[in-house]
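Colleague: I'm new to reading protein models, and I'd like to learn how the descriptive words get chosen. Can we go through one together?
Modeller: Sure, let's put it up and take your questions one by one.

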Amino acid sequence: MNDAIGDLHHILEDAGTVLLTGPMDPDGDSIGACLALARAAETFSSAAIHVAGELNYRYDWIPDAERVLTDDQLGDRYDVVVVMDGDRGRLTPKVTDLFASASKTALVDHHQSSSAEGYDVVLLDATSPSTCEMVHRVLEAWNIPLEPATATHLYTGIIFDTGGFKHENTRSATHRLAAKLLDHGVAPAPVHAKVLHERTTAGLRLLGEVLGSATFYGDGTVVMGIMTREAIQRLGIQSGDAEGIVDALLNTAGVEVAVLAKETADAVKLSFRSKTRVNVAAIAHDFAGGGGHVRAAGARYLGRIEDVVTVLPPLLVDAV
Ligand SMILES: [Mn+2]
């Protein structure tokens with residue numbers, strides 16, 4: 001990856017305009033990685049650097065939140081587009097167009113399902129627990145000192161992708177980096193509360209309904225929760241309210257695979273988690289062209305939720 005780190009420096013240094021972006025509905029790792037890289041690039045590049053995304057309430061406190069631009073606030077063209085923490089197949093339509101018209105493109109990612117094809121510069125490390133850990137390595141290689149804002153960006157991504165140091169991707173190096181980030185000004189408790197734990201009142205009610213109506217299959221090894229459009233509209237659910245629900249389903253004794261199905265106007269959004277042995281990225285891919293990590297994956301199924309409820313559980317029971 002060392003050559004790629006140098007190449008990334010070159011294309012950012014030479015650019016007049018840069019767009020850093022995550023996938024649609026960016027999560028804490030994507031947001032943290034984009035914001036940290038934006039600050040880092042500004043120390044050596046005179047480019048105008050924009051960050052694309054839409055922040056839900058879990059991230060409204062994050063340093064530099066105001067620089068995250070929605071699609072209608074973005075420019076018409078950027079010299080360089082960097083995709084962070086997700087495949088370019090998951091960009092918004094507007095950012096997909098900006099990617100296509102850029103002179104140089106780069107990928108910084110740790111998803112095992114992401115393809116390295118079609119970028120000028122690729123930093124792809126499926127062994128990394130988070131993209132933010134990779135960004136930290138980039139900053140080190142570029143000799144950019146950590147400031148409290150950047151440390152907070154990176155800490156946000158690390159705790160999001162490790163579930164607060166609980167998932168099996170957590171390594172001793174993850175804790176050592178977290179300690180270093182605390183030494184550089186991160187206040188951990190409020191970051192954990194906002195990113196992982198707090199939800200809205202509506203979100204709490206939703207959590208109760210989804211858990212209360214969850215269905216078990218395969219002698220309790222598979223559990224499925226459903227967020228219907230009716231419940232989403234009745235309760236006034238916001239983006240961010242579904243966070244953590246699938247993990248609550250998984251944390252049931254005897255369960256190996258949990259799936260949360262969220263009904264939207266044109267598709268069913270699926271979140272998969274597995275505890276110890278099932279590759280849910282492969283299932284997400286086979287079922288609906290999705291992807292992600294071995295223990296945490298997602299997909300958009302273009303069809304009815306009734307079909308998901310009928311077809312998906314037997315596939316999951318077979319995989320357990
Ligand atoms: Mn990630």
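Colleague: At what angle do helix α5 and helix α6 pack, and how far apart are their axes?
Modeller: This is a predicted model. In it, α5 (residues 148-162) and α6 (residues 172-183) pack at about 150°, and their axes are 10 Å apart.

Colleague: Why are α5 and α6 called roughly antiparallel?
Modeller: Angles over 145 degrees count as roughly antiparallel. The angle here is about 150°, so α5 and α6 earn that label. As for handedness, α5 passes α6 in a left-handed crossing.

Colleague: Which residues of α5 and α6 meet?
Modeller: From α5 you have A151, L154, Y155, I158 and T162, and they meet T174, L177, A178 and L181 of α6. Sorted by class, that contact has seven nonpolar residues, two polar ones and no charged ones.

Colleague: What makes α5 and α7 oblique to each other?
Modeller: Same helix α5, new partner: α7 covers residues 188-197, and the two pack at about 50° with their axes 10 Å apart. Roughly parallel needs an angle under 35 degrees, and roughly perpendicular starts at 65. About 50° fits neither, so α5 and α7 are oblique. Their crossing is right-handed.

Colleague: Which residues make the contact of α5 with α7?
Modeller: On α5 look for T152, Y155, T156, I159 and F160; on α7 look for P188, V191, H192, V195 and L196. By class they come out as seven nonpolar, three polar and no charged.

Colleague: Why are α2 and α4 called roughly parallel?
Modeller: Helix α2 (residues 28-42) and helix α4 (residues 131-141) pack at about 15°, with axes 8 Å apart. Under 35 degrees counts as roughly parallel, so that's the name for this pair. The crossing of α2 and α4 is left-handed. D29, S30, G32, A33, A36, L37 and A40 of α2 make the contact with T131, C132, V135 and L139 of α4. In classes, that's seven nonpolar, three polar and one charged.

Colleague: Let's move to the sheets. What makes β3 and β6 edge strands?
Modeller: Six strands form an open, parallel sheet in the order β3-β2-β1-β4-β5-β6. β3 (68-69) and β6 (121-124) each have a single partner strand, so one side of each has no neighbour in the sheet.

Colleague: How do you know that β1 and β4 are paired?
Modeller: Pairing takes at least two bridges. Strand β1 (residues 17-21) and strand β4 (residues 80-84) have four, in the parallel sense, so they count as a pair. To find the spot, look for L19, which stands opposite V81 in β4. Helix α4 lies across β4, β5 (104-109) and β6, at about 115° to β5.

Colleague: In what order do the strands of the mixed sheet come?
Modeller: The order is β7-β8-β9-β10-β12-β11, six strands in an open sheet. The edges are β7 (215-217) and β11 (291-292), each with a single partner strand, so one side of each lacks a neighbour in the sheet.

Colleague: How many bridges join β9 to β10?
Modeller: Seven, between β9 (residues 257-263) and β10 (residues 268-274), and the two run antiparallel. At least two bridges are needed for a pair, so β9 and β10 qualify. E263 stands opposite V268 in β10.

Colleague: Which strands do α11 and α12 lie on?
Modeller: Helix α11 (residues 280-288) lies across β9, β10, β11 and β12 (296-301), at about 10° to β12. Helix α12 (residues 305-319) packs on the sheet too, touching β7, β8 (222-227), β9, β10 and β12, and its direction makes about 165° with that of β9.

Colleague: Last one: how is the protein divided into domains?
Modeller: Domain 1 is 2-196 and domain 2 is 201-319. Their C-alpha centres lie 26 Å apart. Domain 1 puts 12 residues into the contact and domain 2 puts in 13. On the domain 1 side, those residues are two nonpolar, six polar and four charged.

How values were computed: Residues are numbered from 1 along each chain as its sequence is written. This is a predicted model: local features need pLDDT of at least 70, side-chain atom pairs count only at pLDDT 80 or more; totals for chains, interfaces and linings use all residues. Axes are lines fitted to C-alpha atoms, for helices over the stretch in contact, and angles run from 0 to 180 degrees between N-to-C directions. Angles under 35 degrees count as roughly parallel, over 145 as roughly antiparallel, 65 to 115 as roughly perpendicular and the rest as oblique. A crossing is left-handed if the near helix is turned anticlockwise from the far one by less than a right angle, and right-handed if clockwise. Two residues are in contact if their C-beta atoms, placed from the backbone, lie within 7 Å. Ala, Val, Leu, Ile, Met, Phe, Trp, Tyr, Cys and Pro count as nonpolar, Asp, Glu, Lys and Arg as charged, and the others, Gly among them, as polar. Domain bounds come from an automatic or database domain assignment.
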